[in-house]
Amino acid sequence: MAPADSAFPDNGPLPTKGPAETRYTELSQDRAPYLDRARRCAELTIPYLIPPDDLAQGQELPSLYQSVGANGVTNLASKLLLTMLPPNEPCFRLRVNNLVMEREEEDADKEFRTKIEKALSRIEQAVLADVEASGDRPVVAEGNQHLIVAGNVLYHDDPKKGLRLFPLSRYVVERDPMGTPVEIIAEETVNLDTLPEDVAARIREAADTLGQPSVKGDDRKDVNIYTHLKRGPKKWAVYQECRGVKLPGSEGSYKPDACPWLPVRMYSIAGENYGRSFVELQLGDLGSLESLCQSLVEGSAVSAKVVGLVNPNGVTDPKALAESANGDMIEGNADDVAFLQVQKGADFQVVAAQIQRLEQRLKTAFLMMDGVRRDAERVTAEEIRVIAQELETGLGGVYTLISQEFQLPYIASRMATMTRQKRIPELP
């Protein structure tokens, strides 16, 4: 990024909120229904992905009565990862237009195609090595979970820190009617001690002026920094602000095809700024399964409780019966003693059968092998492979959207960074 000419106002009072924070608050209203739905989806699968706003640090999240949702999200996320960033082989190929190839071979060099393909192969291997060494794969794996549960995630391919992830609760985006992002604002919380001294001093001054004690003295030093990106006709403009103060050196620009900020969706809906999640499609089954599992667990706990009833008019002594050891002989009448029974076994069988059907449907939807295998004594491995391949083909639309919104911009941004750093072999 190019340094800013004037990062701070020389005179005058500091604003309560800067334009980036104000715009972030405005766009948060459009994000609210998607964020609420994402939290509902997280509650039934992996609650810690998008916790509630009022959750205290270290507070225990509610436990679920079923783990099918969490296992399904993890399984599907791993399958997506193998498709997006396969290990030890490139997820992209570089090619030159065939018309250009033929013209160059005829006019100039008969070995032009061979030279170009070798050079492109070297570039592919260099980018692949950089991706493997950067440690981006765990970040993408976590991002896939956010895509499946929340339907949205924001990546930042930082040249210094590597690939970073922003959940839906930490960014807003605005798209044009064709779905192309035109404005992105990311919110991140940092410690003042990690910022340059002049920047931290200016932010503390702003906090003192506005009467904000959260960054005074030895109190909490965490502040929110907003990164604002706005797309113009030829480039992305970007800057950062904190407490209404524009950070020095944060202003810059990116080419449209080399922007390292990547807002990715799971499913796109025409005219909507945010995507929809895969879990949202299964929300009915997940909610029903959670409710039935809770009822079955609580009912089973009641049924498992052992309570003996003794006839008050009988000859059997309840105290002697309770204190007797195994094999003791005591006076009494067997007809005076009975054990309380719930007698809901038939009802529990109906609940258990419905739970099994719901689990089967969800495992099939999440491409889990338990859901693919049919209920029979002998099932061949080839049958499982064919059915699994058919199910994965049904998610082809998901792979296509993710490849357009993540893979292609990610590789383009990584190649642009490596080109600036002169770490890509030159073409002939």
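Are Phe-406 and Tyr-410 buried or exposed? In this predicted model, Phe-406 is buried, and Tyr-410 is too. Both sit in helix α13 (residues 396-420), four residues apart, which is about one turn of the helix.

Next come the aromatic pairs. Six of them turn up by the rule used here. One is a mixed couple, Phe-166 and Trp-261: their ring centres are 5.6 Å apart and their planes meet at 40 degrees, so the pair counts as tilted. Phe-166 belongs to strand β2 (residues 162-166) and Trp-261 to strand β9 (residues 261-265), so this pair ties together parts that are 95 residues apart in sequence. Phe-166 is buried, with a relative accessible area of 4%, and Trp-261 is buried with a value of 4%. Back in α13, the rings of Phe-406 and Tyr-410 have centres 5.1 Å apart and planes at 15 degrees; that angle is under 30 degrees, so the pair is stacked. Tyr-155 joins Phe-406 and Tyr-410 in one aromatic cluster. Elsewhere, a charge meets a ring: Lys-246 lies over the face of Tyr-239, at 4.6 Å from the ring centre.

Then there is a pair of helices. Helix α8 (residues 283-304) packs against helix α10 (residues 345-365) at an angle of about 145 degrees, with the axes 10 Å apart, and their crossing is left-handed. Residues that meet here include Leu-289, Leu-292 and Leu-296 from α8, and Val-351, Ile-355 and Leu-358 from α10. Sorted by class, this contact has 10 nonpolar, five polar and three charged residues.

Note on methods:
Residues are numbered from 1 along each chain as its sequence is written. This is a predicted model: local features need pLDDT of at least 70, side-chain atom pairs count only at pLDDT 80 or more; totals for chains, interfaces and linings use all residues. Side-chain values use heavy atoms; hydrogens and water are left out. Axes are lines fitted to C-alpha atoms, for helices over the stretch in contact, and angles run from 0 to 180 degrees between N-to-C directions. Helices (H or I, at least four residues) and strands (E, at least two) are DSSP runs, numbered from the N terminus. A crossing is left-handed if the near helix is turned anticlockwise from the far one by less than a right angle, and right-handed if clockwise. Contact means heavy atoms within 4.5 Å. Ala, Val, Leu, Ile, Met, Phe, Trp, Tyr, Cys and Pro count as nonpolar, Asp, Glu, Lys and Arg as charged, and the others, Gly among them, as polar. Rings of Phe, Tyr and Trp (its six-membered ring) pair if their centres lie within 6.5 Å; planes under 30 degrees apart count as stacked, over 60 as edge-to-face and the rest as tilted. Buried means under 20% relative accessible area, exposed over 50%, partly exposed in between (1.4 Å probe, protein chains only). A charge sits over a ring if NZ of Lys or CZ of Arg is within 6 Å of the ring centre and within 35 degrees of the ring normal.
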